[in-house]
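The following note sets out numbered points for a colleague who is examining the model at the bench. Each point takes up one topic and may be read beside the sequence and the coordinates.

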Amino acid sequence: KDFKLPMAVEGDYIIDIGAIKLRAKIDRIDRLEKGVEIIDYKSNANPITIDKLIESRQLAIYQMVIELKLGVRVERLTYYQLRTQLPISTERYSDERIEEVKNEILIVADKIRKEEFAARLNDYCPCDFPHLCPYFQDKYPSE
């Protein structure tokens, strides 16, 4: 009963941050009375906590992209959890948080240019390059 026609669905946006081109594919943008809400659908088995939402780089990037590209103010950011069909939302990120994320992007881009790729174990290990990884190279010898 509360359905609203989205402003955008599966939007594909590119912005420049310094010499970096940053691309964002945003699931959904809804109009609000003042500004917009960004909605990102999640299918994770484990529900996302409010703490993870508040620290989300992904949604901070989406906010940055929408405000720069579309010139509209982001008022709310939401992860919609498909398994539980429950949204979890936060108000817009502060300008300071957006600046932190922008600086992180520039630092990562600089490390990529310098070919500095420190290995870190995470839930996605092993990746497509286990033969190059210090954690897995002995298990996956290069061909």
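1. Tyrosine 62 has a relative accessible area of 9% and is therefore buried, the cut-off being under 20%. This is a statement about a predicted model, as is every point below. Tyrosine 62 belongs to helix 2. Beyond its neighbours within four places in sequence, tyrosine 62 is in contact with Ala24, Lys25, Ile26, Ile38 and Asp40. Tyrosine 13 lies 49 residues away from tyrosine 62 in sequence, yet the two C-alpha atoms are 9.3 Å apart.

2. As to the overall arrangement, the protein chain contains 3 helices and 5 strands. Their order along the sequence is β-β-β-α-α-β-β-α. A box of roughly 55 × 40 × 25 Å, taken along the principal axes, holds the C-alpha atoms of the chain. Of its 143 residues, 35% count as buried. When contacts between residues at least 6 apart in sequence are considered, 52% of them join residues at least 24 apart.

3. Which residues have the most contacts inside the largest nonpolar core? They are Ile26, Ile38, Leu59, Met64, Ile66 and Ile105, in a core of 29 residues. Two or more residues each are given to this core by strand 1 (8-17), strand 2 (20-31), strand 3 (36-42), helix 2 (57-69), strand 4 (74-81) and helix 3 (95-113). Helix 2 supplies the largest share, 7 residues. As general background, nonpolar side chains in soluble globular proteins tend to be buried together.

4. Isoleucine 26, one of the residues with the most contacts inside the core, is located in strand 2. Its relative accessibility is 1%, so isoleucine 26 counts as buried. Apart from neighbours within four places in sequence, isoleucine 26 is in contact with Val9, Glu10, Gly11, Tyr13, Ile38, Tyr62 and Ile66. The C-alpha atom of aspartate 110, 84 residues from isoleucine 26 along the chain, is separated from that of isoleucine 26 by 25 Å.

5. Isoleucine 66 is also listed among the core residues with the most contacts. With neighbours within four places in sequence left aside, its contacts are Tyr13, Ile26, Ile29, Val36, Ile38, Gly71, Val72 and Val74. Ile26 and Ile38 appear in this set, and Ile26 and Ile38 are likewise contacts of tyrosine 62.

6. How do helix 2 and helix 3 pack, and at what angle do their axes cross? The two axes come within 10 Å and cross at roughly 100°. This crossing makes helix 2 roughly perpendicular to helix 3, because angles of 65 to 115 degrees fall in that class. From helix 2, the residues involved are Arg57, Ala60, Ile61, Gln63 and Met64, which meet Arg97, Ile98, Val101, Lys102, Glu104 and Ile105 of helix 3. Sorted by class, this contact has 6 nonpolar, 1 polar and 4 charged residues.

7. Threonine 90 is part of strand 5 (residues 86-91). With a relative accessible area of 16%, threonine 90 is buried. Residues up to four places away in sequence not being counted, threonine 90 touches Leu53, Ile54, Glu75, Arg76 and Leu77.

8. Alanine 45 sits in the loop between strand 3 and helix 1 (50-54). Is alanine 45 buried or exposed? Its relative accessible area is 58%, so alanine 45 is exposed, the cut-off being over 50%. Alanine 45 and leucine 86 are 41 residues apart along the chain, and their C-alpha atoms are separated by 13 Å.

9. How many disulfides does the structure hold? The count is 0. For cysteine 127, the closest cysteine sulfur is that of cysteine 133, at 6.5 Å; this is too far for a bond, because a disulfide requires sulfur atoms within 2.5 Å. Cysteine 133 is likewise in no disulfide, and the nearest cysteine sulfur to it, that of cysteine 125, is 6.1 Å away. Cysteine 127 counts as partly exposed at 47% relative accessibility, whereas cysteine 133 counts as buried at 14%.

Definitions and conventions: Residues numbered from 1 in each chain as written. Predicted model: local features only at pLDDT ≥ 70, side-chain atom pairs only at ≥ 80, totals over all residues. Heavy atoms only, no water. Core = buried A, V, L, I, M, F, W, Y, C linked by side-chain atoms within 4.5 Å. Buried < 20%, exposed > 50% of the residue type's maximum accessible area, 1.4 Å probe, protein only. Helix = DSSP H or I, 4+ residues; strand = E, 2+ residues; numbered from the N terminus. Contact = heavy atoms within 4.5 Å. Axes fitted to C-alpha atoms, helices over the stretch in contact; angles between N-to-C directions. Parallel < 35°, antiparallel > 145°, perpendicular 65-115°, else oblique. Nonpolar A, V, L, I, M, F, W, Y, C, P; charged D, E, K, R; others polar.
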